[in-house]
Structure formats: structure tokens, C-alpha cells
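Trainee: I should like to study this structure with you, one question at a time. May we begin by looking at it together?

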Amino acid sequence: MRLILLGAPGAGKGTQANYIREKFNIPQISTGDMLRAAVKAGTPLGLEAKAIMDAGGLVRDDIIIGLVKERIAQPDAANGFLFDGFPRTIPQAEAMIAAGVDIDYVVEIDVPDAAIVDRMAGRRVHVASGRTYHVKYNPPKVEGKDDETGEDLIQRDDDKEEVVLKRLGVYHEQTEVLVGFYGKMAASGDEKAPKYIKIDGTQAVEAVRDQTLKALGA
Ligand code: AP5
Ligand code: ZN
């Protein structure tokens, strides 16, 4: 199974990716996580990406497309994968079509802007695994610690309110068009086109999970 999780920053893509990945035994490919790993490792890509990410902008399409192509060529992606935070622009989506990457499902997690800042302010992340918590809505068992490893949770550099607002603006300008892009493909009747699923992401984490897995036939 190959699927795309689409949604605004803070919609819950990473949170739901964890459940889908486990259920279908496919790798989660998060371009955000890949970029954060590059920043942490201090690679040339990381050095270039850090300033862009901290300002809430998008990293260049050619860089992202190269990263993703390399990643999906890895053996663990042979039986499918879950894109989280990719594609984020029309050129990124078109690059996958040009590369012959057929997608089975596009899952849109719909959350209005008003709910997003609150979610980001309370987000805590376990960097090594990408596991994501919220101090109020999805708290870890022990405050500030990852459930599985007991390691420290951190706040992301781009979760400051002014950066979150910038990221939301970028989402509406450059990424939201993909809703129509994939919606049209799904409606075309082409048998290779992905199925389009829209989920109300304002519900509790478990309700979003159950609806999503059900829609995916799990
Ligand atoms: P990326 O890491 O992809 O960030 P994003 O898309 O902005 O999304 P987030 O990770 O912030 O949110 P999420 O939807 O995963 O929500 P989460 O599950 O964590 O990208 C970061 C940056 O990298 C970009 O700004 C860009 O610079 C660059 N980049 C990445 N990909 C790129 C690309 N393809 N092209 C160009 N540049 C790229 O949930 C958020 C919080 O809410 C958590 O605390 C969670 O616990 C909580 N929560 C989740 N679900 C619920 C719920 N149902 N109810 C209540 N709380 C909930
Ligand atoms: Zn995420």
C-alpha cells in the first residue's frame, strides 16, 4: 500500500502516521523528519534547510524530490510506504507521477487554522523515533519522557507561534491546491488514480485513527 497523508501543519499527520505504519507494516517517509535529521547531523543539506525551516518556508522542490526518490528506492519501501508531509507542492506531486509512482490512497486530515496554534504549543517530540505527544491531548505516560524509551521529549524550533502562522500561510498558498489536484485525479475514474479520503481531524486522536484505518479497509 502506498499512501499520502495530506494536511496543514499540526493537523495530526505524524500522529496518525504512526498507527497506519504499524497496521500496514510500511515505512513512514516524513520529509520533515528527514530534514530535521540532516539538521541534527550538520550535513550540507541540514545547514541549508535549517534557516528555511526555522522561518516556516519550504525547502526547494528539487532537493526534496531527490531525497524522496532516494528514500523510496530503499528495500524497505518495496512493498509500500506512507508519505507524511510530502508532496507539498504541485511540482513535487507531478515529479512522483513522472517517476511512475502510483499512489493507492490520499488521506486528507482536515483541521481548521483556529485549532492549530494550540496543538503546536503543546506538542512534544521524541526526536529519534518521531513519536509525537501533546501535553493536554495526547500526554506521555511520564511527563517529558518518551513512552517506549524513557528518553527526553523536546519542543520543535518551528513551533513558535509566529512561525506556526507563517507555516499555515505557506500551506494555504502552496500545499492546499493538492486537495483539488488529487480530488480531481480520484474523480477521473482512471483505475491508477488514488482513492481520496477526507477525515475530520478535529476529533480526538483515537477517533481520527479509527475512522482512518476503517476507510483504509483495516
Ligand atoms: P513537517 O515536519 O512536515 O511539518 P508540518 O507539515 O508543518 O507538520 P507538523 O509535523 O508540524 O504537524 P503534523 O501534521 O505531523 O501534526 P502532529 O501529528 O505532530 O515539516 C517541517 C518543515 O520542513 C516545513 O515547514 C518545511 O520547511 C520543511 N519541509 C518538510 N517537508 C517538505 C516538503 N515536502 N517540501 C518542502 N519543505 C518541506 O500533531 C501536532 C500536535 O497536535 C501534537 O502535539 C499532537 O499530539 C497533537 N494532536 C494530533 N492529533 C490530535 C487530535 N486529533 N486532537 C488533539 N491534538 C492532536
Ligand atoms: Zn509531522
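**The ligand and its surroundings**

Mentor: An oxygen atom of ligand 1 lies 3.4 Å from a polar backbone atom of H134, which is a polar contact, that is, a pair of N or O atoms within 3.5 Å; within protein, one must be able to donate a hydrogen and the other to accept it, and residues adjacent in sequence count only if both atoms are side-chain atoms. Taken alone, ligand 1 exposes 1000 Å², of which the protein buries 97%; accessible areas come from the Shrake-Rupley method with a 1.4 Å probe, and for residues only the protein chains shown count as cover. The model is predicted, so local features need pLDDT of at least 70 and side-chain atom pairs count only at pLDDT 80 or more, whereas totals for chains, interfaces and linings use all residues. Residues are numbered from 1 along each chain as its sequence is written, chains are lettered from A and ligands numbered from 1 in the order in which they are written, and side-chain values use heavy atoms, with hydrogens and water left out.

Trainee: How many residues surround ligand 1?

Mentor: A residue is near a molecule if one of its heavy atoms lies within 4 Å of it. The closest residues to ligand 1 are T15, G57, R88, R123 and R167. The residues of the shell divide into 15 nonpolar, 14 polar and 8 charged; Ala, Val, Leu, Ile, Met, Phe, Trp, Tyr, Cys and Pro count as nonpolar, Asp, Glu, Lys and Arg as charged, and the others, Gly among them, as polar. The number of residues that surround ligand 1 is 37.

Trainee: Which element gives the most to the shell around ligand 1?

Mentor: Helices (H or I, at least four residues) and strands (E, at least two) are DSSP runs, numbered from the N terminus. At least two shell residues come from each of α1, α2 (31–41), α6 (113–121), β6 and α9 (205–215). With 4 residues, the element that gives the most is α2.

Trainee: How far is a backbone N or O atom of G57 from an oxygen atom of ligand 1?

Mentor: Consider T15 beforehand: a polar atom of its side chain lies 2.6 Å from an oxygen atom of ligand 1. For G57, the backbone N or O atom lies from a ligand oxygen at a distance of 2.5 Å.

**Residues listed in the record**

Trainee: Is K13 buried or exposed?

Mentor: The unreviewed UniProt entry lists K13 under "binding site", among others such as T15, R123 and T132; UniProt positions are given in the numbering used here, feature names are shortened, and annotations may be inferred rather than shown by experiment. K13 is found in helix α1 (residues 13–24), and a polar atom of its side chain lies 3.1 Å from the backbone oxygen of G7. Buried means under 20% relative accessible area, exposed over 50%, and partly exposed in between (1.4 Å probe, protein chains only). Because its relative accessibility is 10%, K13 counts as buried.

Trainee: Which strand holds R123?

Mentor: R123 has 12% relative accessibility and therefore counts as buried. Leaving aside neighbours within four places in sequence, R123 is in contact (heavy atoms within 4.5 Å) with residues including T132, Y133 and H134. R123 is found in residues 123–125, strand β5.

Trainee: Which backbone oxygen does the side chain of T132 reach?

Mentor: T132 lies in strand β6. Not counting residues up to four places away in sequence, T132 touches T15, R123, R124 and N138. At 3.1 Å, the side chain of T132 reaches the backbone oxygen of G130.

**Loops and a strand**

Trainee: With which side chain does the side chain of D158 make a polar contact?

Mentor: D158 lies in the loop between β6 (132–134) and α7 (161–175). Because its relative accessible area is 8%, D158 is buried. At 3.0 Å, its side chain makes a polar contact with that of R156.

Trainee: Is N25 buried or exposed?

Mentor: N25 lies in the loop between α1 and β2 (28–30). N25 has a positive phi of about 55 degrees although it is not a glycine. Its relative accessible area is 71%, and therefore N25 is exposed.

Trainee: Which residue does a cis peptide bond join to F86?

Mentor: The omega of this bond is about -10 degrees. The partner of F86 lies in the loop between β3 (81–84) and α5 (90–98), and is P87.
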